[in-house]
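Welcome! Here are a few short exercises to work through with the structure in view, each followed by a solution in steps.

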Amino acid sequence: IYMGRRRKIEEIDGFLRITIKPDHPLLTEEKSLINALNQHFPSQEIRFASEKGLICSYLSVLDPDTFSTTLHDLCIQTGADQRYRELGFSNPFEKILAQILSIGSYGIRYGKRIYIGYADERKVSDRKEKVATRGLHYYATGHPFSSERNEFPQDRINTIVCGDSEEILKTLPDNCVDLIITSPPYNFGMQYTNINDGVDWNSYLDKLFRIFAEGIRVLVYGGRFIINVQPLFSDYIPLHHIISSFFMEQKMIWKGEILWEKNNYNCKD
């Protein structure tokens, strides 16, 4: 809901109700304009009314460009445009259009903006029965993970340890870490100190997966493993999918993916 001193947008009975309080009493030409607009546009998409000194629009679907052109033409045909100029009044219908254009949330269908129900979730009937039929996380059935939890070493709490992740992880007991977040080198050829970031892909993935395997070992049952990585488009390597497939093969449950649109989608020299 948007509210202001002279205007308001709210959802009522499946429509966005947009109200404008004109700076003048309702004109005869405005009554004609309301009728003309209602005759021109389907009532299930948009309709207009005068209510207690307000001019109201009930909006569901609209092509703003078509509406703007039609409004301009009908203002001339009904004489409202000339009347506004003669009396020095502002056009409240233009203010309604401005309010419509200010609405940033809508869907698009057949060239029209859908303001109501565009994001409604399609419901699945008999969801429980269908879930039972499909089965849950079929690739994770028969997993070897233990729900027994071990204590994290006290001497490693709140410390930064520098070194080879594979070797450092080996010093930790099983099932002792709740959350792992990592952004490994992407094998792009970036300049890192004492690190070669452009090695043979098999060698790179073998090393990465050995580290990930150690991470899975130390992760507690129900813990989370978060990886930040980017596909290498120049080599046609979908690294994010390769990594997801590895974890699924280890019977880890894929929980979600976040896409970061950076525009500069690849590293450059």
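**Exercise 1.** Does C176 count as buried or exposed? Find out, then look for a disulfide partner.

Solution. Keep in mind that this is a predicted model.
- Step 1: the relative accessibility of C176 is 6%. Buried means under 20%, so C176 counts as buried.
- Step 2: the closest cysteine sulfur to that of C176 belongs to C162 and is 19 Å away, too far for a bond.
- Step 3: now widen the search to the whole structure, and zero disulfides turn up. C75 fits this result, as the nearest cysteine sulfur, in C56, lies 17 Å away.
- Step 4: check the cover of C75 as well; with 3% relative accessibility, C75 is buried.

**Exercise 2.** Which parts of the chain does the salt bridge between K112 and E45 tie together?

Solution.
- Step 1: look at the contact itself, where the closest N and O atoms of K112 and E45 are 3.1 Å apart.
- Step 2: place both residues. K112 is in strand 8 (residues 112–114), while E45 sits in the loop between helix 1 (28–40) and strand 4 (46–51), so the pair links parts 67 residues apart in sequence.
- Step 3: compare their cover. K112 is partly exposed at 29% relative accessibility, whereas E45 is buried at 15%.

**Exercise 3.** Where do D174 and R217 lie, and how exposed is each of them?

Solution.
- Step 1: a salt bridge joins the two side chains, with 2.6 Å from N to O.
- Step 2: D174 belongs to the loop between helix 6 (165–169) and strand 9, and R217 to helix 7 (residues 201–218), so this pair ties together parts 43 residues apart in sequence.
- Step 3: D174 has a relative accessible area of 36% and is partly exposed; R217, at 25%, is partly exposed too.
- Step 4: look for a network. Salt bridges with shared partners connect D164, E166, E167, K170, K207 and R210. The whole structure holds 14 salt bridges.

**Exercise 4.** Which residues form a positive patch on the surface, and which form a nonpolar one?

Solution.
- Step 1: the positive patch consists of K123, R127, K130 and R134. One of them, R127, is in helix 5 (residues 127–134) and is partly exposed at 44%.
- Step 2: the nonpolar patch is made of L179, I181 and I226, which together have about 300 Å² of accessible area. L179 is found in strand 9 (residues 177–182) and is partly exposed, with a relative accessible area of 46%.

Note on methods:
Residues numbered from 1 in each chain as written. Predicted model: local features only at pLDDT ≥ 70, side-chain atom pairs only at ≥ 80, totals over all residues. Heavy atoms only, no water. Disulfide = S-S within 2.5 Å. Buried < 20%, exposed > 50% of the residue type's maximum accessible area, 1.4 Å probe, protein only. Patch = residues over 30% accessible without salt bridge, like charges linked within 9 Å, V, L, I, M, F, W, Y side chains within 5 Å. Areas by Shrake-Rupley, 256 points an atom, 1.4 Å probe, with all protein chains shown as cover. Salt bridge = Lys/Arg side-chain N within 4 Å of Asp/Glu carboxyl O. Lys, Arg positive; Asp, Glu negative; His and termini not counted. Charge placed at Lys NZ, Arg CZ, Asp CG, Glu CD. Helix = DSSP H or I, 4+ residues; strand = E, 2+ residues; numbered from the N terminus.
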